[in-house]
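User: I've got a two-chain model open and want to check the labels people put on it. Can you walk me through the reasoning behind each one?
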Amino acid sequence: MDEVELRCHLERTHADCFGWAMACCSRDRDHAEEVLQTVYLTVLDGRARYDGRSTFRTWLFGVIRLTAASERRKAWLRGLLLERKARDVRPEPIASPDAEVERDSRGNVLRRALADLAARQREVLQLVFYHDLTVEEAANVMGVSVGSARTHYARGKARLATLLGNGKEL
Amino acid sequence: MTMMDENELRRRFAELRDTDRESAPTFAQTYGRARTDRTTRAQESPDKHAWSARRPRLRVRPLAIAAAAAVLIVAVWMARERSLSPREGNPEIATWRAPTDVLLDTPGSELLGTMPALGESVLDKMIPTYSLRGS
């Protein structure tokens with residue numbers, strides 16, 4: 001696949017990739033954008049090669065997931081070694097009025113419920129319900145067996161339904 | 001507790017997806033920013049890049065592992081040496097003698113410790129008189 005073709009594929013899947021990057025970065029928009037930038041450079045520089053064993057989107061989701069995990073590890077190490085003091089004195093961000101209003105929206109109820117799930121459960125549900133992947137494709141992205149993905153899917157779905165059900169009653 | 005059906009979950013995720021898509025940057029913006037960042041980083045530290053290009057890259061990790069292994073070997077060796085060497089002021093039990101052992105040496109104990117023989121006097125053992133006999 002040459003660079004022009006790669007760019008076309010990336011452009012076509014960009015919106016989906018952004019959503020997945022948001023999920024991999026705990027819905028931190030800036031972090032998600034950084035991860036996506038790194039992924040695009042990695043792919044277009046040829047440091048990550050698509051070998052055609054799965055669909056392009058599934059492969060790209062896998063690259064995004066690994067890049068996000070790697071960035072998270074680096075950020076954790078940086079925080080541990082160098083920026084602990086700076087982070088400790090950094091003030092809490094003040095929520096804007098818009099954010100206050102948004103907080104009560106249904107979307108945020110779902111986000112909060114997702115945040116309460118185990119990481120694997122959150123990932124598989126995001127891939128299946130948000131990105132319309134099959135459980136097999138989700139397993140491929142997550143690098144786990146299909147059986148394991150099915151278990152995470154079933155447990156996650158039940159837990160999410162419970163959490164959202166409780167949220168609804170409140 | 002209200003259990004939701006799968007369609008309700010799909011609908012909620014679809015809403016979330018629509019919200020994300022509205023706020024998502026375009027591909028051109030994301031890729032453009034990535035290239036700009038890379039260019040800026042390369043311009044900010046050209047010396048570093050030049051230095052790294054000139055200098056053969058040191059393999060830091062194998063060196064660190066080798067150093068750690070060397071320190072470990074020396075530490076184990078020193079600990080082993082220390083455990084093998086006899087400590088001062090702590091004599092071994094086989095060579096130790098009690099200070100009151102001298103009290104067990106009774107007079108005539110050498111007579112009781114030997115076998116008497118015919119034609120010999122015990123006095124010969126106590127008083128060496130062979131030189132006198134010979135003369």
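User: Why is A:E71 called partly exposed?

Analyst: Quick caveat: this is a predicted model. A:E71 has 16 C-beta neighbours inside 10 Å. Buried needs 20 or more and exposed needs 12 or fewer, so A:E71 with its 16 falls in between and gets the label partly exposed.

User: Where does A:E71 sit, and which residues does it touch?

Analyst: A:E71 belongs to helix α3 of chain A, residues 56-81. Leaving out residues up to four places away in sequence, its contacts are A:E34 and A:V35. There's also A:T38, 33 residues apart from A:E71 along the chain, with 9.5 Å between the two C-alpha atoms.

User: What makes A:R27 stand out in its backbone, and how do you know whether it is buried or exposed?

Analyst: Its phi is positive, about 60°, and it's not a glycine. Most residues other than glycine have a negative phi. A:R27 is in the loop between α1 and α2 of chain A. As for burial, it has 17 other C-beta atoms within 10 Å; the buried label takes 20 or more and the exposed one 12 or fewer, so A:R27 is partly exposed.

User: What about A:D132: what is its phi, and why is it called partly exposed?

Analyst: A:D132 isn't a glycine either, and its phi is positive at about 55°. You'll find it in the loop between α7 and α8 (135-142) of chain A. It has 13 C-beta neighbours inside 10 Å. Exposed stops at 12 or fewer, so 13 puts A:D132 in the partly exposed class.

User: What makes up the largest nonpolar core, and which domains does it draw on?

Analyst: That core has 44 residues, and those with the most contacts inside it include A:C24, A:V35 and A:I64. Its largest share, eight residues, comes from α1(A). Domain 1 (1-90) and domain 2 (93-170) of chain A each supply at least three residues. To pick one member, A:C24 touches A:V35, A:I64, A:R65 and A:A68, not counting residues up to four places away in sequence. In soluble globular proteins, nonpolar side chains tend to be buried together.

User: How many helices and strands does each chain have, and what share of each counts as buried?

Analyst: Chain A has nine helices and zero strands, while chain B has seven helices and zero strands. Of chain A's 170 residues, 34% count as buried; for the 135 residues of chain B the figure is 6%.

User: Which parts of chain A touch chain B?

Analyst: The contacts involve 25 residues of chain A and 23 residues of chain B. On chain A, at least two residues each come from α1 (3-24), α2 (29-44), α6 (106-115), α7 (119-130) and α9 (146-169). α9(A) gives the most, eight residues. By type, this side of chain A has 13 nonpolar, seven polar and five charged residues.

User: How do you know how confident the predictor is in chain B and in the complex?

Analyst: Chain B has a mean pLDDT of 76, with 73% of its residues at 70 or more. Among its elements, helix α4 (residues 60-84) has the highest mean, 89, and helix α3 (residues 46-54) the lowest, 49. Over residues 49-54 of chain B the pLDDT is below 50, and that stretch has one contact beyond near neighbours in sequence. For the complex, the predictor gives an ipTM of 0.75 and a pTM of 0.61.

Definitions and conventions:
Residues are numbered from 1 along each chain as its sequence is written. Chains are lettered from A and ligands numbered from 1 in the order in which they are written. This is a predicted model: local features need pLDDT of at least 70, side-chain atom pairs count only at pLDDT 80 or more; totals for chains, interfaces and linings use all residues. Two residues are in contact if their C-beta atoms, placed from the backbone, lie within 7 Å. Helices (H or I, at least four residues) and strands (E, at least two) are DSSP runs, numbered from the N terminus. Ala, Val, Leu, Ile, Met, Phe, Trp, Tyr, Cys and Pro count as nonpolar, Asp, Glu, Lys and Arg as charged, and the others, Gly among them, as polar. A nonpolar core is a set of buried Ala, Val, Leu, Ile, Met, Phe, Trp, Tyr and Cys residues joined through C-beta atoms within 7 Å. Domain bounds come from an automatic or database domain assignment. pLDDT is the predictor's confidence in each residue, from 0 to 100.
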